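This report describes how the chains of one model are built and how they meet. Please look over the sequence and the structure before reading on.

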Number of protein chains: 4
Amino acid sequence: MQPITTEIVSRTIIKRPADSYKGTYGRVMLIGGNQNFGGAIIMAATAATYSGAGLVTVATDPTNFTSLHAQLPEAMVMDYHQTDALLQLLAGMDVIVIGPGLGTDTVADQLLSTVLTATHAPQRLVLDGSALTLLAQHSRALPATDIVVTPHQMEWQRLSGIAIKDQTPTANHDAQQRLGVTAVVKAHRTTVYTNERVWFNPGGTPAMATGGMGDTLAGMIGGFVGQFDNFTNAILSAVYLHSAIADDLAATRYVVLPHQISAQIPRYMHRFSQETPAES
Amino acid sequence: MQPITTEIVSRTIIKRPADSYKGTYGRVMLIGGNQNFGGAIIMAATAATYSGAGLVTVATDPTNFTSLHAQLPEAMVMDYHQTDALLQLLAGMDVIVIGPGLGTDTVADQLLSTVLTATHAPQRLVLDGSALTLLAQHSRALPATDIVVTPHQMEWQRLSGIAIKDQTPTANHDAQQRLGVTAVVKAHRTTVYTNERVWFNPGGTPAMATGGMGDTLAGMIGGFVGQFDNFTNAILSAVYLHSAIADDLAATRYVVLPHQISAQIPRYMHRFSQETPAES
Amino acid sequence: MQPITTEIVSRTIIKRPADSYKGTYGRVMLIGGNQNFGGAIIMAATAATYSGAGLVTVATDPTNFTSLHAQLPEAMVMDYHQTDALLQLLAGMDVIVIGPGLGTDTVADQLLSTVLTATHAPQRLVLDGSALTLLAQHSRALPATDIVVTPHQMEWQRLSGIAIKDQTPTANHDAQQRLGVTAVVKAHRTTVYTNERVWFNPGGTPAMATGGMGDTLAGMIGGFVGQFDNFTNAILSAVYLHSAIADDLAATRYVVLPHQISAQIPRYMHRFSQETPAES
Amino acid sequence: MQPITTEIVSRTIIKRPADSYKGTYGRVMLIGGNQNFGGAIIMAATAATYSGAGLVTVATDPTNFTSLHAQLPEAMVMDYHQTDALLQLLAGMDVIVIGPGLGTDTVADQLLSTVLTATHAPQRLVLDGSALTLLAQHSRALPATDIVVTPHQMEWQRLSGIAIKDQTPTANHDAQQRLGVTAVVKAHRTTVYTNERVWFNPGGTPAMATGGMGDTLAGMIGGFVGQFDNFTNAILSAVYLHSAIADDLAATRYVVLPHQISAQIPRYMHRFSQETPAES
């Protein structure tokens with residue numbers, strides 16, 4: 001098990017080429033937010049946008065359109081019940097994030113199936129929150145492309161079959177190999193499992209123990225994997241920055257709210273983009 | 001009668017244990033906000049969230065979903081007319097706050113009855129605003145658990161039967177003993193009555209004399225009793241910080257708005273968490 | 001014609017008595033905001049709230065409830081089509097502001113009639129925007145109480161019958177005497193006409209020449225006349241501070257937005273409340 | 001090809017005359033924002049308002065009213081399906097901006113036709129986004145008045161028939177002459193084509209490569225051409241400031257969000273209004 005280092009983050013978040021446009025930085029669709037959990041998809045979309053995603057589209061229950069636009073006019077919206085329109089838009093996406101505030105009813109189940117069927121390489125897929133609960137309920141074929149799951153420990157238990165008390169790095173890595181997807185297991189010390197290696201995140205604070213933190217991380221990962229080629233490093237960098245920002249904010253705050261993290265992402269990314277990492 | 005001291009606050013707001021998660025810090029449901037008074041439940045939920053509550057759910061009239069999510073995506077929402085769903089969610093809550101913007105119509109009356117019946121120890125209950133007016137209208141059995149009421153002087157008159165001019169500490173304490181619940185009587189100098197003792201709050205400013213201040217205090221108390229074991233000290237600390245923040249803001253402002261207090265809660269909690277109280 | 005002085009403002013905005021509550025600082029109802037001009041009543045209500053009004057209720061088209069609450073949870077709302085509920089609430093108000101974004105259709109006309117009939121001394125009345133256009137269309141009896149009108153020059157032309165080019169202080173004062181209400185005539189240099197005197201406002205900047213400035217002033221006047229006994233001085237102080245804040249903001253801004261003024265009101269009121277005016 | 005200079009900007013953004021009112025600074029209507037792209041018209045209207053437009057009206061799908069007003073109460077709204085009301089309002093406008101988030105369905109097509117027919121000199125017209133895609137689909141008569149189009153390279157390809165790789169200054173200028181409208185071709189280095197000359201914008205940063213940047217520029221141009229007589233210089237100044245602000249924000253941010261640019265416009269305009277340009 002090795003730590004995520006600032007060197008990885010600096011190597012990943014490179015200076016943007018001068019001659020680029022919004023398409024260069026990823027078309028990201030976020031799917032989630034039912035009539036009760038609309039805030040989750042708002043927080044995820046906010047994180048993706050502030051992470052530098054070129055174009056952000058939110059597929060959600062229409063009840064969430066107005067509250068989303070009231071704070072994030074930068075995102076586009078669509079009704080996630082409109083399957084045909086969704087499929088058409090999905091085809092043009094670089095990244096799909098599904099799960100924040102999705103819930104586990106039949107609409108949610110149907111959406112997950114649609115996404116798992118429609119997604120094709122080189123599209124990248126982030127599965128979070130309720131999508132993981134649904135995934136654990138019955139086995140489904142996963143598309144052959146870059147996939148990352150972002151469970152907290154209970155969701156990981158459902159997904160991997162490993163009880164929380166038995167979630168050792170070795171057991172988790174074995175499960176990750178079986179599942180064949182990158183796994184970010186969120187805990188006091190978050191660990192990341194790839195086919196090659198086990199990483200742990202050195203940062204994190206109990207000030208982050210509040211609703212919406214996971215949605216924010218999922219959105220950040222969506223934004224990062226849409227911009228940075230190396231899938232693993234993009235994920236590791238998002239995990240690192242998410243808690244590094246929270247650690248700094250927690251130096252003066254008892255609790256850190258998710259939207260406060262998102263607001264800081266552009267400054268932290270800039271800082272790392274200015275550092276020249278040692279040759280690797 | 002003795003003052004709430006900074007020593008109590010420092011002793012209550014302890015550093016968070018590193019190995020904790022959002023469930024550690026309380027599942028808080030706030031119930032209120034009809035079609036006219038939606039702002040009250042928004043302010044209460046904002047205060048609870050910024051107080052560090054782990055998970056905040058707002059049961060309200062659906063007309064308030066969007067305005068709530070537009071400023072507080074961190075909270076989940078539900079339609080308070082859906083009694084079955086409400087009962088199901090209530091069962092998993094650590095704290096229930098009912099009253100801000102609830103109104104006094106039959107829907108409100110029904111909701112209060114539902115909550116009083118469904119709540120069981122060790123769940124904690126905060127009764128505020130319209131819930132107190134309803135409570136004063138006809139006698140109801142209160143659940144045998146930690147309960148705090150937060151009346152202003154007129155609501156206290158209705159609840160205790162003591163006219164405002166006769167609300168002396170002794171008379172109030174007698175009434176509190178009869179009612180068997182902790183009572184926070186909001187006034188120029190707020191007093192707190194527990195089974196053991198009478199406290200007064202040293203802070204407070206007329207700059208707080210504006211709509212929504214009470215809703216904010218109710219939300220703070222909800223957040224604090226969801227995190228800190230000692231029920232009395234959690235309440236005293238919320239009362240103290242609520243006015244301490246206002247006092248500081250009033251040093252440069254003629255009127256202090258409720259949302260400005262909520263925004264400062266995490267910083268003030270952090271400050272007190274860093275202080276080592278004298279051994280007691 | 002004499003200038004509004006800082007001495008008047010300091011004398012008006014007194015330190016709040018320690019033993020006071022929100023009822024002490026005025027129950028203010030603002031009526032306006034149709035389906036097209038909802039922003040106007042939002043800006044007026046924001047100004048009233050930040051001016052320190054104890055309790056603010058907005059009677060408006062329901063389409064504006066959510067956008068209002070999304071930025072001003074401190075205000076209560078009601079559907080202005082519900083005449084009976086409106087009349088009931090009106091009876092308990094200290095101040096009524098009617099006009100911002102009201103429009104001039106039959107609903108608006110009806111609302112103005114209702115207000116003019118229902119208002120009684122010592123309630124105070126602020127007539128602004130569309131309410132003045134309606135007032136100019138046909139003569140109506142005004143209630144015998146403190147009334148202030150806040151026309152810009154074209155509205156004043158309609159109301160007084162004096163063409164803009166002929167709006168000299170003397171002509172305006174004559175018209176004010178005929179109308180029997182205090183008149184704030186908004187222009188490059190705003191002038192205020194009372195039964196006794198003609199005042200001019202020394203401040204003001206072309207950076208204020210943007211939509212919503214008048215709505216903000218109407219809300220400030222509503223907040224001030226709800227708190228300060230001397231009707232004329234309350235109005236003069238609101239007029240003075242409104243432009244004094246704008247002048248300061250314009251030192252670094254080409255255009256000043258209405259909400260930026262409202263955000264500063266509590267600080268400016270505090271500053272003047274700290275000054276001891278010379279004995280008068 | 002010559003650079004847009006600070007001298008042009010200083011010459012254009014003059015100090016406002018003391019004796020002016022909101023009508024002096026332009027009545028600007030922005031048309032766009034369907035049920036999926038409402039954020040675009042919000043961002044454009046925000047930019048127009050912060051650019052100092054005297055009065056801003058947004059004609060959009062009603063689904064966008066609330067999210068717009070929640071962040072920009074300064075704007076008025078209307079349902080863009082109401083053709084008669086739209087035509088009536090259009091007649092009184094100084095500037096019409098059509099396109100941000102408009103989409104390309106029949107409603108959008110109809111709106112563009114209505115605007116092109118109804119607009120008359122000296123009204124000024126800004127055609128952006130979807131309006132340009134529609135314009136490229138079949139030829140339409142353009143009104144004989146000041147018109148500016150603001151395509152990105154792909155939209156310019158559709159409009160001019162020049163493939164992106166062939167979009168040289170000379171080819172673009174030839175196309176502009178054929179079209180007879182001022183053209184702002186947005187790219188890594190934005191170029192502006194007028195009947196007389198070809199300009200290039202010296203600023204710009206890849207931190208701007210995010211959704212909504214173009215909508216913001218369209219709104220700024222709308223605000224500027226409503227205030228400043230020289231049509232070309234107003235456009236050049238908007239193009240210059242839009243990227244100058246972004247460049248400054250990008251000194252500390254990896255990505256710059258559109259609303260962050262709008263928030264800075266009044267300060268930058270003020271700065272340029274204070275400089276006395278050399279005699280020209």
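## The sheet of chain D

In this predicted model, D:Q2 stands opposite D:W199, a residue of strand 10 of chain D. The two strands concerned, strand 1 and strand 10 (residues 198-200) of chain D, pair in the parallel sense over two bridges. They are part of an open sheet of ten strands with mixed pairing, whose order in chain D is 1-10-9-8-7-6-5-2-3-4. Its edges are strand 1 (2-3) and strand 4 (76-79) of chain D, each of which pairs on one side only.

A helix of chain D packs across part of this sheet. Helix 10 (residues 231-250) of chain D lies across strand 6 (124-127), strand 7 (147-149), strand 8 (182-185), strand 9 (191-193) and strand 10 of chain D. Relative to strand 8 of chain D, helix 10 of chain D runs at about 10 degrees.

## The sheet of chain B

Chain B has an open sheet of ten strands with mixed pairing, in the order 1-10-9-8-7-6-5-2-3-4. Strand 1 (2-3) and strand 4 (76-79) of chain B are the edge strands, and each pairs on one side only. The partner of strand 4 of chain B is strand 3 (residues 55-60) of chain B; the two run parallel and are joined by four bridges. Within this pair, B:A59 has B:M78 of strand 4 of chain B as its bridge partner.

Helix 4 (residues 83-90) of chain B lies across strand 2 (27-31), strand 3, strand 4 and strand 5 (95-98) of chain B. The angle between helix 4 and strand 2 of chain B is about 145 degrees.

## Cis peptide bonds

Most residues other than glycine have a negative phi, and most peptide bonds are trans. In chain B, the peptide bond that joins B:A121 and B:P122 is cis, with omega about 5 degrees. B:P122 sits in the loop between helix 5 (106-118) and strand 6 (124-127) of chain B.

Chain C also has a cis peptide bond, from C:A121 to C:P122, with omega near 5 degrees. The loop that holds C:P122 runs between helix 5 (106-118) and strand 6 (124-127) of chain C.

## How chain C and chain B are related

Two copies of a chain are related by a rotation about an axis and a shift along it. Here, a turn of 90 degrees and a shift of 0.0 Å along the axis lay chain C on chain B with an RMSD of 0.0 Å. The two copies are therefore related as by a four-fold rotation axis. The C-alpha of chain C nearest the axis belongs to C:A70, 4.2 Å from it. The copies use different surfaces, as 9% of the contact residues of chain C recur in chain B.

Which chains do not touch? Chain A and chain C make no contact, and their nearest C-alpha atoms are 8 Å apart. Chain B and chain D are likewise not joined by any contact, with their closest C-alpha atoms 8 Å apart.

## The interface of chain C and chain B

The contact involves 33 residues from chain C and 30 residues from chain B. The size of an interface is often given as the accessible area lost when the parts come together. Chain C and chain B bury about 2,500 Å² between them, with 58% of it on carbon and sulfur atoms. On the side of chain C, the residues that lose the most area to chain B are C:R16, C:P73 and C:E74, which together make up 24% of what that side buries.

How many salt bridges and polar contacts cross this interface? There are zero salt bridges between chain C and chain B, and twelve residue pairs in polar contact. The elements of chain C that give two or more residues to the side touching chain B are helix 2 (38-50), helix 3 (65-71), strand 4 (76-79) and helix 11 (258-274).

## The interface of chain B and chain A

Here 33 residues from chain B meet 30 residues from chain A. The buried area is about 2,500 Å², and carbon and sulfur atoms give 58% of it. B:R16, B:P73 and B:E74 lose the most area to chain A within chain B, together 24% of what that side buries.

Between chain B and chain A there are zero salt bridges and twelve residue pairs in polar contact. Helix 2 (38-50), helix 3 (65-71), strand 4 and helix 11 (258-274) of chain B each supply at least two residues of the side that touches chain A.

How values were computed: Residues are numbered from 1 along each chain as its sequence is written. Chains are lettered from A and ligands numbered from 1 in the order in which they are written. This is a predicted model: local features need pLDDT of at least 70, side-chain atom pairs count only at pLDDT 80 or more; totals for chains, interfaces and linings use all residues. Side-chain values use heavy atoms; hydrogens and water are left out. Copies are superposed by least squares on the C-alpha atoms of residues with pLDDT of at least 70 in both. Contact means heavy atoms within 4.5 Å. Two strands pair if DSSP finds at least two bridges between them. Axes are lines fitted to C-alpha atoms, for helices over the stretch in contact, and angles run from 0 to 180 degrees between N-to-C directions. Buried area is the accessible area (1.4 Å probe) that two parts lose on being put together, summed over both. A salt bridge is a side-chain nitrogen of Lys or Arg within 4 Å of a carboxyl oxygen of Asp or Glu. A polar contact is a pair of N or O atoms within 3.5 Å; within protein, one must be able to donate a hydrogen and the other to accept it, and residues adjacent in sequence count only if both atoms are side-chain atoms.
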